[in-house]
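Here are my notes on this model. Please read them with the structure open.

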Amino acid sequence: MRIDLHAHSTASDGTDSPAGLVAAAAKAGLDVVAITDHDTTAGWAPAAEALPPGLTLVPGAELSTISVDPVTGRHISVHLLAYLFDPASPSVVAEQTRLRSERRWRLRVMAERMAADGLPVDPDEVMSLLPEDGSAGRPHLAQALVRAGVVSSVNEAFASYLGNGSGYFVARQDTLVEDAIDMIAEAGGVTVIAHPFAYTRGATITVDVLAGLAGRGLTGVEVDHPNHDEETRVQLHGLAGELGLVRTGSSDYHGTNKTIDLGDETTDPLALEELVARSTGYQVVTR
């Protein structure tokens with residue numbers, strides 16, 4: 001079986017619609033794909049409705065969370081994959097609504113800063129192109145810069161204008177990762193930290209923090225990811241075994257916003273079985 005547990009649609013910052021995502025997964029030869037848009041479950045229903053025969057859908061989301069460094073007090077961004085939780089859980093609905101609002105506010109402020117500097121970006125147009133129930137992200141602004149001819153690609157937009165060190169960057173008020181783990185567990189779901197040691201993306205959590213989260217109830221860790229080199233994968237594989245965490249692998253597919261293809265990294269079927277067995281909030285969808 002070929003299983004990819006981390007993929008995005010136009011419900012957040014991917015370029016495939018939810019229906020297009022499952023069609024692309026089937027075309028790529030996947031047996032299982034997870035839809036994990038940022039801070040939203042808006043893509044679950046349309047993806048399930050369009051699911052091709054023979055493909056299994058794992059409904060999920062990628063939650064925007066932070067870990068507070070116990071020594072420095074610095075906020076470290078943590079991307080937390082949540083699977084098979086009850087999307088109607090009041091705490092989940094409230095926090096996802098807050099985060100989506102935060103994301104939209106942030107995107108508008110960044111767009112307004114660019115326009116004020118003379119860049120050919122129309123903040124109203126950027127916001128009008130967002131999906132109604134979807135989650136806003138910097139790739140939406142990157143696409144606007146590409147359309148305006150300021151940059152030639154989304155990657156160039158991030159390198160030149162949208163990175164954390166840029167003058168246009170605006171921080172978000174994300175959920176504490178410990179609170180997010182508790183929230184998803186209460187909603188019957190399971191949690192996996194995405195690309196935890198992807199050092200090229202910025203500051204990461206430490207081994208001690210990962211161990212603490214495992215003790216808090218974290219279910220798994222994404223070992224195989226495009227931003228993990230071989231040394232990091234070996235380290236995480238060993239740590240997962242020591243901490244009793246399920247090991248997953250995923251592409252982190254975003255359509256044409258990234259160069260990664262569906263199925264470039266995959267999850268062992270036994271790992272998926274373990275995630276499903278530990279969840280009670282929602283079921284996988286099959287045709």
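1. Trp44, Phe85 and Tyr282 come together as one aromatic cluster. Keep in mind that this is a predicted model. The count of aromatic pairs comes to four. One of these joins Tyr161 and Tyr168, and this pair is tilted. Their ring centres are 6.3 Å apart, with 40° between the planes. Are Tyr161 and Tyr168 buried or exposed? Both are buried.

2. Next, the nonpolar cores. The largest has 44 residues. Within it, Val33, Leu57, Ile205 and Leu210 touch the most other members. Helix H7, residues 177-186, gives the most to this core, with five residues. Apart from this core lies another, of 22 residues. Leu130, Ala144, Leu145 and Tyr168 are among its members. Tyr168 is also the partner of Tyr161 in the tilted pair. As background, nonpolar side chains in soluble globular proteins tend to be buried together.

3. Which residues does Ile205 touch, beyond those up to four places away in sequence? The list is Ser67, Ile76, Val78, Ile193, Pro196, Phe197, Leu210 and Leu213. Leu210 is, like Ile205, one of the residues that touch the most other members of the largest core.

4. Look now at Val22. It sits in helix H1, which covers residues 18-27. Its relative accessible area is 0%. The cut-off for buried is under 20%, so Val22 counts as buried. Leaving aside neighbours within four places in sequence, Val22 is in contact with Val33, Ala47, Ala50, Leu51, Pro52, Leu55 and Leu57. Two of these contacts, Val33 and Leu57, also appear among the residues that touch the most other members of the largest core. Pro52 is 30 residues from Val22 in sequence. In space, their C-alpha atoms are 7.1 Å apart.

5. Helix H5, residues 138-147, is mostly covered. How many of its 10 residues are buried? Seven are. They are Arg138, Pro139, His140, Leu141, Ala142, Ala144 and Leu145. Arg138 and His140 deserve a look in the viewer, since both are on this buried list. Ala144 and Leu145 belong to the core of 22 residues.

6. What covers the buried residues of H5? The cover includes helix H3 (90-116), helix H4 (123-128) and helix H6 (154-162). After H5 comes Gly149. Its phi is positive, near 80°.

Notes: Residues are numbered from 1 along each chain as its sequence is written. This is a predicted model: local features need pLDDT of at least 70, side-chain atom pairs count only at pLDDT 80 or more; totals for chains, interfaces and linings use all residues. Side-chain values use heavy atoms; hydrogens and water are left out. Helices (H or I, at least four residues) and strands (E, at least two) are DSSP runs, numbered from the N terminus. Buried means under 20% relative accessible area, exposed over 50%, partly exposed in between (1.4 Å probe, protein chains only). Contact means heavy atoms within 4.5 Å. Rings of Phe, Tyr and Trp (its six-membered ring) pair if their centres lie within 6.5 Å; planes under 30 degrees apart count as stacked, over 60 as edge-to-face and the rest as tilted. A nonpolar core is a set of buried Ala, Val, Leu, Ile, Met, Phe, Trp, Tyr and Cys residues joined through side-chain atoms within 4.5 Å.
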